[in-house]
Amino acid sequence: RAQSAQAINSKDMPARDDCLKRVSSEPLLSVQEKGVLLKRKLSLLEQDVVVSEDGRNKLKKQGEMPSEVCMFSLDYGDIPEELIDVSDFECSLCMRLFFEPVTTPCGHSFCKNCLERCLDHAPYCPLCKESLKEYLADRRYCVTQLLEELIVKYLPDELSERKKIYDEETAELSHLTKNVPIFVCTMAYPTVPCPLHVFEPRYRLMIRRSIQTGTKQFGMCVSDTQNSFADYGCMLQIRNVHFLPDGRSVVDTVGGKRFRVLKRGMKDGYCTADIEYLEDVKVENEDEIKSLRELHDLVYSQACSWFQNLRDRFRSQILQHFGSMPEREENLQATPNGPAWCWWLLAVLPVDPRYQLSVLSMKSLEERLTKIQHILTYFSRDQSK
């Protein structure tokens, strides 16, 4: 191999510049143009480059003595204020000061929230369109420490204003009665698990916001042809989220409070609503309480009988999806939603959603038990045939 290398005549070699491949995609710029891109406030027409004995570059303004020259290295102290331009620290997506800046493998920086919203739609860099599939799958959006330190040190006032805006937006998203995010999909019930497969960009954003604000809650309603979603629904509490490599997620939720929709709205593609929560009206009279207990025990026994008479295949599917039927409760009015087993049963019964919705909206436990009794009586007849 040594002889082969020596056999190559140097005059046969092309010019060095021709041998090297250009790996940068940036255009060829003059020194002045590069300076303008690097720092808009200082043109190279107003500065001289001085090379010190150790080979480091120094910049000085015209008319200044060499002793007043400042270094562009953080190792040599602070950066002159006139070289700091807030526009150099703006996110190219929201056009605001970086907040929790993250840098992609392709070298572009964005606000963490801005990048996540882009990745909701497509796993590519918003600027250069390079694939970020592996970056998305890893989901380690680490804050770029250098950018954050520079902003904290040199732009404290701008950062304070930016954080104020962020806190205001977070507070607005944290309301649990005003502009509550609504997932329009299926029926949900208090205390009943409701696993969700989230793949639409708007709902990816909605789930992420629910987690980031700390509420970990959103409303669930069935669709409605006239008003986009029903007048009644149930809040869901996020218990766990499993993110898939392509950005989709499986969200484990459980039903919470029931609500009635007062006003409908829209935010960033998903529905919102002003709501009021529903609570059962408590019975105070002793005779009414006794009558309610008798009706409750009768319907509970009827529900247990119906469930035990189901085919093994159906029963195992219900147990796998919803878990076992809750136990009978001693205090029927201990919670605003009444006994948990009623909601579990309503979730597993093969009933039209409109009928289920009417039961969900009831604020009387007696009326709800009566409705469930009618449903069980109807299905028990089919089992006896």
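This text describes a nonpolar core and a charged surface patch in a predicted model. Residues are numbered from 1 along each chain as its sequence is written. Local features need pLDDT of at least 70, side-chain atom pairs count only at pLDDT 80 or more, and totals for chains, interfaces and linings use all residues, while side-chain values use heavy atoms and leave out hydrogens and water.

The largest nonpolar core has 28 residues. Such a core is a set of buried Ala, Val, Leu, Ile, Met, Phe, Trp, Tyr and Cys residues joined through side-chain atoms within 4.5 Å, where buried means under 20% relative accessible area. Ile-182, Phe-183, Leu-196, Phe-218 and Phe-229 have the most contacts inside this core. Among the elements that each supply at least two of its residues are strand S6 (180-184), helix H8 (201-212) and strand S11 (232-243); helices (H or I, at least four residues) and strands (E, at least two) are DSSP runs numbered from the N terminus. S11 gives the most to the core, with five residues.

On the surface, Glu-286, Asp-287, Glu-288, Glu-366 and Glu-367 gather in a patch of negative charge. A patch of this kind joins like charges within 9 Å, using residues with over 30% relative accessible area and no salt bridge, that is, no side-chain nitrogen of Lys or Arg within 4 Å of a carboxyl oxygen of Asp or Glu. Accessible areas come from the Shrake-Rupley method with a 1.4 Å probe, and for residues only the protein chains shown count as cover. Asp and Glu count as negative, and the place of the charge is CG of Asp or CD of Glu.

Helix H9 (286-308) and helix H13 (365-384) each supply at least two residues of the patch, and H9 gives the most, with three. Glu-288 lies in H9 and is partly exposed (between 20% and 50%), with a relative accessible area of 47%. Glu-288 and Glu-366 are 78 residues apart in sequence and 9.7 Å apart in space, C-alpha to C-alpha.

Notes. Patch = residues over 30% accessible without salt bridge, like charges linked within 9 Å, V, L, I, M, F, W, Y side chains within 5 Å. Buried < 20%, exposed > 50% of the residue type's maximum accessible area, 1.4 Å probe, protein only.
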